[in-house]
Amino acid sequence: MQLARIDGTVTATVCHPSMRGCRTVICQPLDAEGRDDGPPVLAVDPHGAGLHQRVFFTTDGSATRDFVRDPHSPLRNFVLAVVDAPTGAGSQR
Amino acid sequence: MRLGHVIGTVTLHTADEALKGGNLLVVQPFSRGHFAGAPMLPLAKGNTVVVYDNLGAGLGQVIGFTEGAEATMPFTYPIPIDALNAALIDSVSYNPPAA
């Protein structure tokens, strides 16, 4: 899993059927201190996470295929959880 | 999945049987500026990706492509690709928090 921040959304009418019915969000991966870490990545979001909200997304294709219930889905990232309040070392940010 | 601009196509003289039915696009992945709505040129730095496409993307179009083993999942037969065009992007709304 990767900690990330939601920075936007993307719409696509022509797409693989397994993408339909879910929001596609732009996730900006974060490092432990909450700073941007690498380029933005697109993920499927079932939880309706808000803008700039912190989430965890997975990069495991098989988990994503199980989630969208389509063994032929080319998707690889999907938002597993929305972070309420980070605790531990990086929590002051 | 990553976003990219279609900047060209690839034509093969001889190809694996499985590659029939789609075409190969030359795609330049987005830079952060492109997410924020910058025009296609100047292109982002970084590697250009050749993406297998069966959705019919045109030149200059923004597509969402997936890479790795997941690119072969939609096919019921073995196919030698590692990047697949999964979506023709209509709109990108990108507003990161002010730094």
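Let us start in chain B of this predicted model, where Pro78(B) sits in the loop between S4 and S5. With a relative accessible area of 73%, Pro78(B) is exposed. In sequence Pro78(B) and Leu19(B) are 59 residues apart, yet their C-alpha atoms are 9.9 Å apart in space.

**Chain B as a whole**

Chain B holds 1 helix and 6 strands. Along the sequence these elements come in the order β-β-α-β-β-β-β. The C-alpha trace of chain B spans about 50 × 25 × 25 Å along its principal axes. Of the 99 residues in chain B, 41% are buried.

**Aromatic pairs**

The loop that carries Pro78(B) also takes part in an aromatic contact. Over all chains the count of aromatic pairs comes to 5. In one of them, the ring centres of Tyr52(B) and Phe75(B) are 5.8 Å apart and the planes meet at 70°, so this pair is edge-to-face. Tyr52(B) belongs to strand S3 (residues 49–53) of chain B, while Phe75(B) lies in the loop between strand S4 (62–67) and strand S5 (83–88) of chain B; the two residues are 23 apart, and their pair links distant parts of the chain. Tyr52(B) and Phe75(B) are both buried. Elsewhere in chain B, ring pairs link Phe30(B), Phe35(B) and Tyr94(B) into a cluster.

**A cis peptide bond and a nonpolar patch**

Now to the loop between H1 and S3 of chain B, the place of Pro42(B). The peptide bond that runs from Leu41(B) to Pro42(B) is cis, with omega near 0°. Leu41(B) lies in this loop too, between helix H1 (32–35) and S3 of chain B. At 59% relative accessibility, Leu41(B) counts as exposed. On the surface, Leu41(B) joins Ile7(B) and Leu43(B) in a nonpolar patch, and together the three residues have about 250 Å² of accessible area.

**Strand S1 of chain A and its neighbours**

Turning to chain A, strand S1 (residues 2–11) is mostly covered, with 7 of its 10 residues buried. Which strands pair with S1(A)? One of them is strand S5 (residues 54–58) of chain A, joined to S1(A) by 4 bridges in an antiparallel arrangement. Here Leu3(A) has Phe56(A) as its bridge partner. Strand S3 (residues 23–29) of chain A also runs antiparallel to S1(A), and 6 bridges join the two. In that pairing, Val10(A) stands opposite Thr24(A). S1(A) reaches across to chain B as well: with strand S6 (residues 91–94) of chain B it pairs in the antiparallel sense over 4 bridges. Thr11(A) stands opposite Ser91(B) in S6(B). As a general point, side chains in a regular strand alternate between the two faces of the sheet.

**Cysteines without disulfides**

How many disulfides are there over all chains? The count comes to 0. For Cys15(A), the closest cysteine sulfur is that of Cys22(A), and at 11 Å the two are too far apart for a bond. Cys27(A) is in no disulfide either, and the nearest cysteine sulfur, again that of Cys22(A), is 13 Å away. Cys15(A) is buried, with a relative accessible area of 7%. Cys27(A) is also buried, at a relative accessible area of 0%.

**Loop residues of chain A**

The loop between strand S4 (41–45) and S5 of chain A contains Ala49(A). Ala49(A) is buried, with a relative accessible area of 2%. Its C-alpha atom is 8.9 Å from that of Val25(A), although the two residues are 24 apart along the chain. His52(A) is found in the loop between S4 and S5 as well, and at 33% relative accessibility it counts as partly exposed. Arg69(A), by contrast, lies in the loop between helix H1 (61–68) and strand S6 (78–82) of chain A. Arg69(A) is exposed, with a relative accessible area of 74%.

His52(A) has a positive phi in a residue other than glycine, and so does Arg69(A). Their backbone angles are listed here.

| Residue | Phi |
|---|---|
| His52(A) | near 65° |
| Arg69(A) | near 55° |

Key
Residues numbered from 1 in each chain as written. Chains lettered and ligands numbered in written order. Predicted model: local features only at pLDDT ≥ 70, side-chain atom pairs only at ≥ 80, totals over all residues. Heavy atoms only, no water. Phe/Tyr/Trp six-rings, centres within 6.5 Å; stacked < 30°, edge-to-face > 60°. Buried < 20%, exposed > 50% of the residue type's maximum accessible area, 1.4 Å probe, protein only. Disulfide = S-S within 2.5 Å. Patch = residues over 30% accessible without salt bridge, like charges linked within 9 Å, V, L, I, M, F, W, Y side chains within 5 Å. Areas by Shrake-Rupley, 256 points an atom, 1.4 Å probe, with all protein chains shown as cover. Salt bridge = Lys/Arg side-chain N within 4 Å of Asp/Glu carboxyl O. Pairing = 2+ DSSP bridges.
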